[in-house]
Amino acid sequence: MIYQGESIRVDFIEPGFAELQFDAKGSVNKFDQATLEEFSEALTKLQNTDDLRGVIVTSSKSTFIVGADITEFLTLFSDQEKTRSWVAKASRVFDQLEDLPVPTVGAVKGFALGGGCEALLACDYRVADTTATIGLPEVKLGLIPGFGGTMRLPRVIGPDNALEWITTGKNNKAEDALKVGAIDAVVEPENLTKAALNLAKAAAAGQQDWKAKRQPKLEPLKANDTELMMTLVTAKGLIAAKAGKHYPAPHKALEAIENGAREHREGALKAENNAFFDLTQTDACQAQVGIFLADQAVKSKSKKYAKAATKEIKTAGVLGAGIMGGGIAYQSALKGVPAVMKDIKQDALDLGMKEAGKILKKGVERGKVNNEKMIKILSSITPTLLNEAVKDVDIVVEAVVENPKVKGSVLAEIEGVIGDDAILTSNTSTISITELAKNLKRPEKFCGMHFFNPVHKMPLVEIIRGEKTSDDTVNAVVAYALKLGKTPIVVNDCPGFLVNRVLFPYLAGFAGMVDEGVDFVGIDKVMEKQFGWPMGPAYLSDVVGIDTADHCTVVMEAGFPTRMKRDESSAIAKLAAAERYGQKNGKGFYVYGTDKKGKPTKEADPATYELLGCEQGKKLDADEVIARCMIPMVNEVVRCLEEDIVGSAAEADMALLYGLGFPPFRGGPFRYLETLGMENFIQLADKYAHLGEIYQVTDGMREMAKAGKSYFD
Ligand code: NAD
């Protein structure tokens with residue numbers, strides 16, 4: 001044995017040829033700080049091993065190396081000195097591999113991502129099996145490759161391909177990696193180790209010029225000035241268009257490649273180290289790493305619920321074939337759970353089926369679904385006008401109109417039809433589940449299952465536990481949501497639950513400015529372009545439906561009479577009274593139509609200004625617009641955590657990200673609060689406290705700030 005560590009072992013596989021094998025204790029290999037240390041020790045041993053002729057780098061797992069250990073990042077990056085030395089040291093370890101005095105061959109199976117891919121790039125040759133996926137996804141974490149990836153990849157596959165890989169962070173299958181020269185051969189899984197060893201032997205025997213293969217990685221990039229300039233200019237344009245100003249990582253990747261292009265290895269690595277360090281100190285990186293960690297936490301929590309489920313959902317019933325019911329029936333059928341779709345109107349059923357057909361047709365056009373599958377999915381949705389048709393299903397999702405009385409009677413009626421063991425859920429957006437349960441005989445078998453629109457695209461499903469909902473019911477519904485390919489987040493009951501409860505104070509903050517005469521178009525621009533929401537608050541209200549939003553304010557007021565008091569003179573109420581319902585009837589804040597080419601249009605309407613008494617072009621400072629919309633949202637989400645509506649800051653962040661499209665580079669409302677600094681937020685909120693209760697921070701937050709605590713502790 002040449003070396004034996006906790007995660008790495010090195011031994012001769014044949015006389016003269018050593019195998020450095022990643023063999024971590026957990027299910028996957030990753031470059032945590034301890035493994036990097038071992039990697040260096042193992043390579044030092046190899047450097048000092050006599051009679052060495054070649055080295056192959058392998059993994060004992062079904063996958064090569066998944067990358068760095070992201071759970072270490074936030075703590076590490078909060079210490080600038082440690083971060084700098086970690087980056088510089090890590091780069092040197094990969095140089096050690098590249099500098100071994102013998103030919104080196106990486107053998108890849110499964111994932112070789114981030115640091116895993118960079119370890120391969122430091123080898124002279126790379127052999128992959130057919131299961132391999134290779135890539136540098138660091139930009140998705142607001143980072144760039146930091147173990148030599150920006151230096152080596154352009155020298156291996158050329159700057160254009162490398163820029164594409166690095167700035168998009170895409171995964172590449174073995175065949176595609178072979179085409180661009182990122183790997184040298186693809187073999188069947190059973191031949192992987194042998195193929196890598198044979199290549200090392202051939203190189204050692206002089207049949208392959210391994211020194212020539214290594215040399216370009218030690219030198220400046222081989223591209224003439226014009227070629228390089230063209231590549232960089234094109235990439236800059238693409239990055240500006242795709243990533244925009246809120247995501248610094250792709251821009252920094254290009255900067256590192258540009259600054260390192262005319263340098264030898266050491267200079268190019270310095271350029272990479274500097275760019276990497278700069279990114280570790282950005283809010284976007286903290287936010288994107290935060291999202292990764294929160295997503296992991298949410299996934300593992302929902303897996304636990306699902307594992308405990310005693311009832312498997314094999315068939316579903318959906319009440320209402322409208323926008324939501326149609327979408328839920330489609331999603332269920334798509335994921336292999338046949339759905340009976342019940343409505344009181346034949347027209348609605350026809351429309352529901354037509355919409356499902358439309359989505360599937362798009363899938364067929366994109367090659368994602370074939371005709372046979374399309375027919376199979378459509379035929380597993382059974383449209384019906386009869387309650388009786390749902391009597392044998394395992395779960396019912398009620399998605400009829402948002403009216404407590406209608407829902408109450410529909411739910412009670414259907415409870416009498418379904419089996420005693422069946423689960424009943426409601427897709428209500430705002431109405432308390434505990435209240436709805438009062439109409440039921442089996443409240444323990446009832447909970448909320450709040451999907452988002454459009455159902456087939458939006459990942460979040462809020463699962464709402466009413467006062468009497470049993471654990472068994474929650475477990476089974478979480479398992480069903482996972483089956484549908486969604487991200488379930490379990491919350492406790494209150495009007496609006498989590499997502500809509502925090503949305504309404506945000507919309508109220510917006511409406512307050514419009515009531516003061518501020519132009520809603522300007523507010524939308526700030527909230528979209530500067531804050532980063534996919535839609536500003538006026539446009540969002542139009543998409544949700546002004547009538548729906550207005551109706552919800554009644555429910556929210558009933559739940560939170562002082563904080564969310566309904567104001568008849570506010571913009572939403574005025575638009576609703578004027579029957580400007582938003583996109584659904586072509587006019588809300590904006591007017592909607594189509595241009596000559598049939599493309600949808602959205603324009604500001606002079607009639608809206610007249611109705612609302614606001615002034616076209618009247619602006620507030622962008623920071624004030626952001627503060628007045630976002631303080632109420634952050635305050636409300638904090639209240640939800642304090643009141644145990646949501647279990648953790650991580651779940652709240654993911655819920656708003658997946659349910660409302662909270663800008664990922666801000667990481668969610670709690671991460672946003674963290675990057676702003678709680679003290680700064682409180683100071684800002686206090687400035688606006690006179691505007692009403694929604695601007696007033698909780699005592700709990702003041703105490704947290706005083707104690708220097710974080711919601712993520
Ligand atoms: P919709 O008006 O498009 O559809 C409601 C459907 O229910 C109609 O087809 C109607 O004919 C049918 N219906 C009425 N009474 C019925 C009954 N007794 N039995 C069966 N069907 C009946 O409404 P929608 O937008 O799909 O909303 C449905 C529910 O989903 C509401 O509770 C709403 O709050 C909630 N929701 C809506 C959205 C959204 O963005 N639209 C998002 C999340 C949740």
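**Reading helices, sheets and a ligand shell**

Q: Why is helix α5 (residues 149-157) described as largely enclosed by the rest of the structure?

A: Of the 9 residues of helix α5, 7 are buried, so the rest of the structure largely encloses this helix. The model is a predicted one. The buried residues are Gly149, Thr150, Met151, Arg152, Leu153, Pro154 and Arg155.

Q: Which helices do the buried residues of α5 pack against?

A: An α-helix has 3.6 residues a turn, so residues three or four places apart point the same way. In this model, the buried residues of α5 pack against four helices: α4 (115-121), α6 (159-168), α11 (248-260) and α12 (265-280). Just after α5 comes glycine 158, which takes a positive phi of about 90 degrees.

Q: How should one describe two packed helices, and at what angle do α13 and α27 pack?

A: The description of two packed helices uses the angle between their axes and the distance between the axes. Helix α13 (residues 283-307) and helix α27 (residues 649-660) pack at about 100 degrees, and their axes are 9 Å apart. An angle from 65 to 115 degrees counts as roughly perpendicular, so α13 is roughly perpendicular to α27.

Q: Which residues of α13 and α27 meet?

A: From α13 come Ile291, Leu293, Ala294, Asp295, Ala297 and Val298, and they meet Ala650, Glu651, Asp653, Met654 and Leu657 of α27. The residues of this contact divide into 8 nonpolar and 3 charged, with no polar ones.

Q: In what order do the strands of the open sheet stand?

A: Strands of a sheet pair through backbone hydrogen bonds, either parallel or antiparallel. Here, 7 strands form an open sheet of mixed pairing, in the order β1-β2-β3-β4-β5-β7-β10. Strands β1 (3-4) and β10 (185-187) stand at the edges; each has a single partner strand, so one side of each lacks a neighbour in the sheet.

Q: How many bridges join β3 to β4, and how many join β7 to β10?

A: Strands β3 and β4 run parallel and are joined by 6 bridges. Glutamate 19 stands opposite isoleucine 56 in β4. Strand β7 (residues 125-129) also runs parallel to β10, with 3 bridges between them. One of the pairs is alanine 128 with valine 186 of β10.

Q: What lies across β1, β2, β3 and β4?

A: Helix α1 (residues 33-47) lies across these strands, running at about 30 degrees to β2 (8-14).

Q: How does one read the two faces of a strand, and which residues of β4 lie on each?

A: In a regular strand the side chains alternate between the two faces of the sheet. In β4, Gly54, Ile56 and Thr58 lie on one side and Val55, Val57 and Ser59 on the other, and all are buried. Since 6 of the 6 residues of β4 are buried, the strand is largely enclosed by the rest of the structure.

Q: Which face of β13 is covered and which is uncovered?

A: In strand β13 (residues 381-384), Ile381 and Pro383 form the covered face, while Thr382 and Thr384 form the uncovered one. Strand β12 (residues 339-342) runs parallel to β13 and is joined to it by 4 bridges. Lysine 342 has threonine 384 as its bridge partner in β13.

Q: Which residues come nearest to the ligand?

A: There are 25 residues around the ligand, and Gly320, Gly322, Met324, Ala348 and Asn453 come nearest. The shell divides into 14 nonpolar, 7 polar and 4 charged residues. Helices α14 (323-334) and α17 (404-415) each supply at least two of its residues, and α14 gives the most, with 3.

Notes. Residues are numbered from 1 along each chain as its sequence is written. This is a predicted model: local features need pLDDT of at least 70, side-chain atom pairs count only at pLDDT 80 or more; totals for chains, interfaces and linings use all residues. A residue is near a molecule or strand if its C-beta atom, placed from the backbone, lies within 6 Å of it. Ala, Val, Leu, Ile, Met, Phe, Trp, Tyr, Cys and Pro count as nonpolar, Asp, Glu, Lys and Arg as charged, and the others, Gly among them, as polar. Two strands pair if DSSP finds at least two bridges between them. Two residues are in contact if their C-beta atoms, placed from the backbone, lie within 7 Å. Axes are lines fitted to C-alpha atoms, for helices over the stretch in contact, and angles run from 0 to 180 degrees between N-to-C directions. A residue is buried if 20 or more other C-beta atoms lie within 10 Å of its own, exposed if 12 or fewer, and partly exposed in between; C-beta atoms are placed from the backbone. Angles under 35 degrees count as roughly parallel, over 145 as roughly antiparallel, 65 to 115 as roughly perpendicular and the rest as oblique.
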